[in-house]
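Biologist: Please take me through this model, and in each case set the value against the definition that stands behind the word.

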Amino acid sequence: MITSRRADTLNFLRKLTWRKSYNAAKILASYHFSRLHRRPVHWGNPLSISIEPTTACNLRCPECPSGLRSFNRDTGNAKMDFFKSCLDQLSRDLIYLILYFQGEPYIHPRFLEMVKYASSRDLYTITSTNGHFLDSERARQTVESGLDRLIISVDGSTQDTYEQYRRGGDLDKVLDGARNLVHWKKQLRSSKPYLIFQFLVVRPNEHQIGEIKSLAKEIGVDEVKLKSAQVYEYVNGNPLIPTIEKYSRYAKQADGSYKLKHRVINQCWKMWHSCVVTWDGHVVPCCFDKDADHQLGTLSKSNFKEIWESENYRSFRSRILTGRDNIDICQNCTEGCKVWVQ
């Protein structure tokens, strides 16, 4: 019997072609060459991109710009023609597509059409959801769309704990959504999507780690991932920072203040193999640039290849190699430390 994890791995490997593998080898070689020589050299096209379907969200999570309604950039939904144009430019070299950035993807009225189109281009598709839109019909459509991996945020095993971070959320609705997905995977005899419960470990929920694993097993979810939480204001402490040290990105100092556990080092693999495209076509370095402050180009003005190989991009990669600790979005980044902590 093939386990769900093995089935997911085989599914991913089936997406690979000689062209995609060769492109990946070129990117990896140029990344290591750049690190060694401290100058930005880049060969190849991205292995992955994140495209933002929408900035809208139904929840009000306290460390999220979507939840706080605090964006300085425009908000809206990606147009289908724009989405298709992006994939048409990139899909021959692209291996996987992440269909989220900020916002709740399922709020976009044509989200599952996006998934279907990406699947038709033979891309490994991933999305992350807060799980409030997975009624039986939407769950069936999700399985039928060809989505390869679905991350469901479940940050508590009881409603009281869950809503301390997922403000405005309904845990029972989320768990029912997960059950609907498991049901339709069985009904349609599909191993996809690979289902993950993502548990953001914060102080209010750290005592429920064992319970969430038991709950996932009971429902039939494929995996639980424990994620360390990013908080914006951490120096003087924060009620979200876990007391269990292994689950915190921040270390408490003798004077009671906090600092990042890891050093900000002058390298970043993401700047060589991936990027983020906002709903309205701005290309930004990575998912830490939530307000799109570091725009490297706009797809309404240039094609992707022109942006990817531009002086703007080269200059930003150069800054990564020589003074990453001076770049604001890098100062609370997980590059160099573990994002997932099991």
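Biologist: What makes strand 1 and strand 9 a pair?
Modeller: Two strands count as paired if DSSP finds at least two bridges between them, where strands are DSSP runs of E with at least two residues and helices are runs of H or I with at least four, both numbered from the N terminus. Strand 1 (residues 48-51) and strand 9 (residues 274-277) are joined in the parallel sense over four bridges, so the requirement of at least two is met. Opposite isoleucine 49 stands cysteine 275 of strand 9. This is a predicted model, in which local features need pLDDT of at least 70 and side-chain atom pairs count only at pLDDT 80 or more, while totals for chains, interfaces and linings use all residues. Residues are numbered from 1 along each chain as its sequence is written, and side-chain values use heavy atoms, with hydrogens and water left out.

Biologist: Which strands of the sheet are called edge strands, and why?
Modeller: The open sheet has nine strands in the order 6-5-4-3-2-1-9-10-11, with mixed pairing. Its edge strands are strand 6 and strand 11 (297-298), each of which pairs on one side only.

Biologist: How do you know that helix 4 lies across the strands, and at what angle does it run to strand 1?
Modeller: Helix 4 (residues 80-90) lies across strand 1, strand 2 (96-98) and strand 9, and runs at about 175° to strand 1. The axes are lines fitted to C-alpha atoms, for helices over the stretch in contact, and the angles run from 0 to 180 degrees between N-to-C directions; contact itself means heavy atoms within 4.5 Å.

Biologist: Why is strand 5 called largely enclosed?
Modeller: Buried means under 20% relative accessible area, as against exposed at over 50% and partly exposed in between, with a 1.4 Å probe and protein chains only. Eight of the eight residues of strand 5 (residues 194-201) are buried, so the rest of the structure largely encloses this strand. One side carries Tyr194, Ile196, Gln198 and Leu200 and the other Leu195, Phe197, Phe199 and Val201, and both of these faces are covered.

Biologist: Which strands flank strand 5 in the sheet order?
Modeller: In the order 6-5-4-3-2-1-9-10-11, strand 5 stands between strand 6 and strand 4. Strand 4 (residues 149-153) runs parallel to strand 5 and is joined to it by five bridges, with isoleucine 151 having isoleucine 196 as its bridge partner. Six bridges link strand 5 to strand 6 (residues 223-228), again in parallel. From strand 5 the chain passes through helix 9 (residues 209-219) to strand 6 in a right-handed β-α-β crossover, a term that applies if, with the strands pointing away from the viewer, the path from the first strand over the helix to the second runs clockwise.

Biologist: Why is serine 228 called buried?
Modeller: Serine 228, which lies in strand 6, has 2% relative accessibility and therefore counts as buried.

Biologist: What makes a set of residues a nonpolar core?
Modeller: Such a core is a set of buried Ala, Val, Leu, Ile, Met, Phe, Trp, Tyr and Cys residues joined through side-chain atoms within 4.5 Å. The largest one has 89 residues, and those with the most contacts inside it are Phe83, Leu97, Ile152 and Phe197. Helix 8 (residues 171-187) supplies the largest share, seven residues. A second, separate core has six residues, among them Ile98, Ile126, Tyr194 and Ile196.

Biologist: How do arginine 38 and alanine 292 classify by accessibility, buried or partly exposed?
Modeller: Arginine 38 has a relative accessible area of 41% and is therefore partly exposed, whereas alanine 292, at 5%, counts as buried. Arginine 38 sits in the loop between helix 2 (18-37) and strand 1, and its phi is positive, near 55°. Alanine 292 belongs to the loop between strand 10 (282-284) and strand 11, and its phi is likewise positive, near 55°.

Biologist: Where does pLDDT stay under 50?
Modeller: On the scale of pLDDT, the predictor's confidence in each residue from 0 to 100, residues 336-342 stay under 50. The mean for the protein is 92, and 97% of its residues reach 70 or more. Where pLDDT is low, the predicted coordinates should not be read in detail.
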